[in-house]
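Here are some exercises to help you find your way around a structure you haven't met before. Try each task yourself, then read the solution.

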Amino acid sequence: MPVPAVPSKGFLGLIRLLDVLKATREERGPQQFVDAMDELGGKGVFHTSRVESMKSVPIGLGLFTLRGEPWRHSRAVLRPQFSREQISDLELQERHVDALTTSLRTGSDGWTNVVDLQPMFFKMTLELMTEFLYGQSPAQAGQETGALNTQEFGHHFDAGKVWINIRSALGKWHWLVQPPAFSRDCKKVHRYVDYFVKAKLEKGGEQSAKQQMPHDMPKREKFVLLDELATRTRNPLEIRSETLNILAAGRDTTASLLGWLFYFFSRSPRIYDKLRTAILADFGTEASGVDFAKLRSCRYLQSCINEALRMTAIVPILERESLEDTVLPRGGGPDGSKPVFVRKGQRVLISTYALQQRSDLWGDDFESFRPERWDNRNAGLEFVPFGAGPRKCVGQQFALTEASVSHF
Ligand code: HEM
């Protein structure tokens, strides 16, 4: 029996393709995916897709983009960067959150003017990730260091992603879209990373990135990914790709989560007040009482973060390619409830957004931001904002810590 598939629209499916691109531009891509699945009558189940993923990824080959043995090796090298000792040290996160809050000017009444927090979150996560990966702060706008500053990087990174999105929607025809602007964006993004890699390789493997940190930064013995990679390879392209993979994975995701959290708080003063009361009860007014274990045990804070992850998914679609002919238990038949055969090499898209918006799993109020739904709930595979299985997000604890610290 054929697999239910979203029907093609227009010549060569071009209308369907334009629909997808339009939805992404209007920031309703995940919902459009759900609507397409609803057309098939099987909301939230897995459906095979004819969309091919992009073949060439400008962030290069690294943990995100590798497969098989090279991926296993890369994951083994990078795991120590995300060990509990690394991420339980809150000093890095606290320092960057402090820098953000200091830049918010408060009036005599203790309140700030209306402010757009989203660009500030993107700047903060980029600076934090840069220091985490390279042991150095990025250059600031106006600083003459020869390095690309965060503003320039952000601009080219975001512009490059728009092209990647168009190219990936085109699947095997992605090579048709290779405009000079895209090449320029890629070059600039590479230049940002190459500055740190070049400095490291020129100074030699013995001098660690932590020794190059500015004077006002504490010099602690920390695992710095750049140091670790430089002891294993002197190939600048390899180091660039590995670190850029993590930078790409950690910047937008965490900044988006923070943006969504504050979006929901601004619409629900009750929830914000309740969270504030919970934080004051657990930590008092001094940020110095904050530690990793206490952060994770502040239940209402974790419920708010979970609920924002559930509502938005942040990474709304996961993708897998079948390594052999196999059968998935559901997804076939007219209503998607029968087993489905997946050919070797076929891609499967999994909408975590749809999964986390199912009324049968989350109740009729699934569209409401309600942290209380987490009061007595330990989520299983119906809540996978960080993915599941061997390729699960390595930065999960890092991201959750960063999101938690940002509330102080
Ligand atoms: C709210 C924040 C974040 C979310 C929602 C998120 C989500 C995800 C998801 C869904 C995946 C794919 C998992 C799969 O395919 O099963 C992933 C992979 C990954 N994430 Fe995250 N992530 C976040 C933050 C971070 C951060 C801060 C870092 C790094 C510091 C990071 C590093 C990675 C890496 C390297 C991978 C690829 C892992 C692999 O393929 O082995 N992520 N993430």
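The exercises below go through a ligand shell, one helix and three helix pairs.

This is a predicted model, in which local features need pLDDT of at least 70, side-chain atom pairs count only at pLDDT 80 or more, and totals for chains, interfaces and linings use all residues. Residues are numbered from 1 along each chain as its sequence is written.

**Exercise 1.** Work out which residues are closest to the ligand and how the shell divides by class.

Solution.
- Start with the count: 24 residues surround the ligand, where a residue is near a molecule if its C-beta atom, placed from the backbone, lies within 6 Å of it.
- The closest are Ala249, Gly250, Gly387, Cys393 and Gly395.
- Now look at the helices (DSSP runs of H or I, at least four residues, numbered from the N terminus). Helix 10 (236-267) and helix 16 (396-405) each give the shell at least two residues.
- Helix 10 has the largest share, with 6 residues.
- By class, the shell has 15 nonpolar, 6 polar and 3 charged residues. Here Ala, Val, Leu, Ile, Met, Phe, Trp, Tyr, Cys and Pro count as nonpolar, Asp, Glu, Lys and Arg as charged, and the others, Gly among them, as polar.

**Exercise 2.** Check the span of helix 11 against what you'd expect.

Solution.
- The expected span is 1.5 Å times one less than the number of residues.
- Helix 11 (residues 269-283) has 15 residues, so it should span 21 Å.
- Its end C-alpha atoms are 21 Å apart, which agrees.
- Just after helix 11 comes glycine 284, with a positive phi near 75 degrees.

**Exercise 3.** How do helix 5 and helix 6 pack?

Solution.
- Helix 5 (residues 91-102) packs on helix 6 (residues 117-134) at about 150 degrees, and their axes are 10 Å apart. Axes are lines fitted to C-alpha atoms, for helices over the stretch in contact, and angles run from 0 to 180 degrees between N-to-C directions.
- That makes the two helices, 5 and 6, roughly antiparallel (under 35 degrees is roughly parallel, over 145 roughly antiparallel, 65 to 115 roughly perpendicular, the rest oblique).
- Leu92, Gln93, His96 and Leu100 of helix 5 meet residues of helix 6, including Met120, Met124 and Phe132. Contact here means C-beta atoms, placed from the backbone, within 7 Å.
- This contact divides into 6 nonpolar, 2 polar and 2 charged residues.

**Exercise 4.** Now find the angles that helix 7 makes with helix 8 and with helix 1.

Solution.
- Helix 7 (residues 150-169) and helix 8 (residues 180-203) pack at about 135 degrees, with axes 8 Å apart.
- Helix 7 is therefore oblique to helix 8.
- Their contact includes Phe153 and Trp163 in helix 7, and Phe182 and Tyr192 in helix 8.
- The axes of helix 1 (residues 14-25) and helix 7 come within 10 Å and cross at roughly 155 degrees.
- Helix 1 and helix 7 are therefore roughly antiparallel.

Notes: Contact = placed C-beta atoms within 7 Å.
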